[in-house]
Amino acid sequence: MLLPPFTAAGSFFRGNLHTHSNVTDGALDPAEVCRRYKAEGYDFISLTDHFVGRWDYPITDTLPFRDDRFTTLLGAELHSGAQANGELWHLLAVGLPADFAPSNSPDFQPVAGQETGAEIAMRAREAGAFVAIAHPQWSGLTMEDARSITAAHAVEIYNHGAHSLSDRGTGMPMLELLLSEGRDLTLIATDDAHFKGPDAFGGWVMVKAAENDPEHLLAALKAGHFYASQGPEIHGIWLEDSQVRVACSAASIVVVQAHGNAAEMAVGDAMTDVRVELGRLSKSPWLRVTVIDRAGKRAWSNPVWPGTL
Ligand SMILES: [Zn+2]
Ligand SMILES: [Zn+2]
């Protein structure tokens with residue numbers, strides 16, 4: 001059985017869901033951020049500047065930079081409420097309305113009486129956004145923190161800026177623990193580019209949608225019709241009786257991960273059509289696939305829940 005998103009109608013569009021400009025603390029103006037992503041072969045981005053009072057709660061206007069082969073989703077990185085470690089929450093909201101109401105978040109320190117992270121995440125979701133828990137490792141999130149964000153669609157499992165500049169780029173352990181608690185979440189790779197260091201063009205999503213426009217892209221994100229990548233492409237994933245079959249760009253390792261420490265893999269040279277025996281993985285409530293190329297770059301499928309297919 002071919003699995004979503006490969007069964008969905010349309011084409012794959014490449015996008016970066018987390019970026020900053022000089023509207024807040026990025027180095028480049030929004031036009032140049034969009035120009036660079038388009039020039040690097042992206043189909044869309046979301047410019048997610050910091051939604052705090054220091055910069056007057058911006059939802060950065062990227063509409064002037066849309067054209068017939070590049071589009072944008074309005075978005076922001078939301079900040080309100082304290083995490084367990086006392087730091088302010090960072091939550092990604094892609095597909096926000098331009099008039100999303102300000103929070104009470106004057107700057108990057110939590111203040112009394114402001115919305116909790118869970119509350120602002122829910123307000124963003126109810127306003128139509130695709131919501132993700134940003135950079136869990138960089139933030140130092142606890143499981144209790146992560147559990148509280150019931151509005152999340154996704155966890156940022158790779159943040160290229162946090163990886164490159166702080167060596168704290170992963171969110172995968174937290175995602176896997178949430179999956180194993182039964183949370184139905186998807187996974188995204190992003191840049192979080194500020195263009196002050198080597199933080200751009202390293203992690204993205206490939207979204208399968210009928211058209212490269214904000215409405216179709218946002219619906220596809222919410223439906224989980226995408227995979228995340230640092231380079232490799234995934235062309236199809238099939239769940240068969242005792243195997244997972246993966247069609248992909250040339251891979252050196254293809255891994256199927258599942259609950260607990262369960263993982264099975266195929267290892268080879270320039271593999272493009274790979275079968276992995278499930279073995280004890282067939283008992284897991286969820287599975288996911290990672291494709292690793294010769295350079296160590298990864299592509300990650302969204303989790304699959306075989307019992308719901
Ligand atoms: Zn952040
Ligand atoms: Zn950010």
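Visitor: Is H135 buried or exposed?
Guide: In this predicted model, H135 has a relative accessibility of 3%, so it counts as buried. The cut-off for buried is under 20%.

Visitor: And what does H135 bind?
Guide: H135 is one of the protein donors of the zinc ion (ligand 1), through its NE2 atom. The others are E77 (OE) and H90 (ND1), and the donors lie 1.9 to 2.2 Å from the ion.

Visitor: How are these donors spaced in sequence?
Guide: The spacing is E-x12-H-x44-H. E77 belongs to strand β4, whereas H135 sits in the loop between β6 (130-133) and α3 (136-139), so the pair ties together parts that are 58 residues apart in sequence.

Visitor: What about the other zinc ion, ligand 2?
Guide: The zinc ion (ligand 2) is 3.5 Å from the zinc ion (ligand 1), and E77 coordinates both. E77 itself counts as buried because its relative accessibility is 1%.

Visitor: Changing topic: how many residues of β4 are buried?
Guide: Eight of the eight residues of strand β4 (residues 71-78) are buried, so the strand is largely enclosed by the rest of the structure.

Visitor: Which residues lie on each side?
Guide: T71, L73, G75 and E77 are on one side, with T72, L74, A76 and L78 on the other. In a regular strand, side chains alternate between the two faces of the sheet.

Visitor: Which strands pair with β4 in parallel, and which in the antiparallel sense?
Guide: Strand β2 (residues 44-47) runs parallel to β4, with four bridges; I45 stands opposite T72. Strand β3 (residues 50-51) is also parallel to β4, with two bridges, and there H50 partners E77. Strand β5 (residues 91-94) is antiparallel to β4 over four bridges, with L78 partnering L91.

Notes:
Residues are numbered from 1 along each chain as its sequence is written. Chains are lettered from A and ligands numbered from 1 in the order in which they are written. This is a predicted model: local features need pLDDT of at least 70, side-chain atom pairs count only at pLDDT 80 or more; totals for chains, interfaces and linings use all residues. Side-chain values use heavy atoms; hydrogens and water are left out. Buried means under 20% relative accessible area, exposed over 50%, partly exposed in between (1.4 Å probe, protein chains only). Two strands pair if DSSP finds at least two bridges between them. Donors are N, O and S atoms within 2.8 Å of the metal (3.2 Å for Na, K and Ca); water is not among the atoms, so sites may look incomplete.
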